[in-house]
Amino acid sequence: MSFRIEIEKDECMSSGKCVADYPQMFNFDNEELAELKKDGKLNNEQILKAARNCPSRAILVFDQDNNQISS
């Protein structure tokens with residue numbers, strides 16, 4: 001099972017935690033908000049950890065049936 005990630009830009013507080021922990025997956029956009037890299041790859045454990053460690057809970061994780069499993 002693979003997970004899908006979304007970032008709620010309105011919730012992002014630009015802490016940089018995701019960018020620092022997983023630079024292969026996240027970077028900052030022109031407004032200094034987190035965004036997903038187009039070719040970024042993380043395993044499911046890393047995805048869940050990134051979402052849990054987001055201080056503003058802006059990283060959302062969905063399962064293959066599109067059920068939200070983390071925020």
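**Notebook: salt bridges and a cavity**

I looked up Lys9 first and noted it as partly exposed, with a relative accessible area of 31%. The model is a predicted one, and I read every value below with that in mind.

**Entry on Lys9 and its partner.** I searched for the acidic partner of Lys9 and found Asp29, with the closest N and O atoms of this salt bridge 2.7 Å apart. I then placed the two residues: Asp29 sits in the loop between β2 (26-28) and β3 (34-36), and Lys9 in the loop between β1 (4-7) and α1, so the pair ties together parts that are 20 residues apart in sequence. Is Asp29 buried or exposed? I recorded Asp29 as buried, because its relative accessible area is 16% and the cut-off for buried is under 20%. For Lys9, the 31% noted above gives partly exposed.

**Entry on the salt-bridge count.** I asked how many salt bridges the model holds, and the count comes to 3. Besides the pair of Asp29 and Lys9, I listed Glu6 with Arg4 and Lys17 with Asp21.

**Entry on Glu6 and Arg4.** I noted that the side chains of these residues, Glu6 and Arg4, meet at 2.3 Å, N to O. I checked the accessibility of each partner. Glu6 has a relative accessible area of 31% and is partly exposed; Arg4, at 33%, is also classed as partly exposed.

**Entry on Lys17 and Asp21.** Here I found the closest N and O atoms of the salt bridge 2.9 Å apart. Where do Lys17 and Asp21 lie? I located both in helix α1, 4 residues apart, which is about one turn of the helix. Lys17 is partly exposed, with a relative accessible area of 36%, and I entered Asp21 as partly exposed at 34%.

**Entry on the cavity.** I turned next to enclosed space and obtained a count of 1 cavity of 30 Å³ or more. I recorded a volume of about 100 Å³ for the largest cavity. Its lining comprises 17 residues, of which Cys12, Ser15, Cys18, Ala34 and Cys54 are the closest to its centre. I asked which elements give two or more residues to this lining, and noted α1 (17-21) and α2 (44-53). How many residues of the lining are nonpolar, polar and charged? I entered 11 nonpolar, 5 polar and 1 charged for the largest cavity.

**Cross-reference.** I marked helix α1 in two entries: it holds both Lys17 and Asp21, and it contributes to the lining of the largest cavity.

Methods: Residues are numbered from 1 along each chain as its sequence is written. This is a predicted model: local features need pLDDT of at least 70, side-chain atom pairs count only at pLDDT 80 or more; totals for chains, interfaces and linings use all residues. Side-chain values use heavy atoms; hydrogens and water are left out. On a 1 Å grid over the protein atoms alone, a cavity is a set of points where a 1.4 Å probe fits but cannot get out, and a pocket is an open set with protein on both sides within 12 Å along at least five of seven lines; lining residues have an atom within 4 Å of a point. Grid points are joined across faces, edges and corners, and a volume is the space filled by probe spheres set on the points. Ala, Val, Leu, Ile, Met, Phe, Trp, Tyr, Cys and Pro count as nonpolar, Asp, Glu, Lys and Arg as charged, and the others, Gly among them, as polar. A salt bridge is a side-chain nitrogen of Lys or Arg within 4 Å of a carboxyl oxygen of Asp or Glu. Buried means under 20% relative accessible area, exposed over 50%, partly exposed in between (1.4 Å probe, protein chains only).
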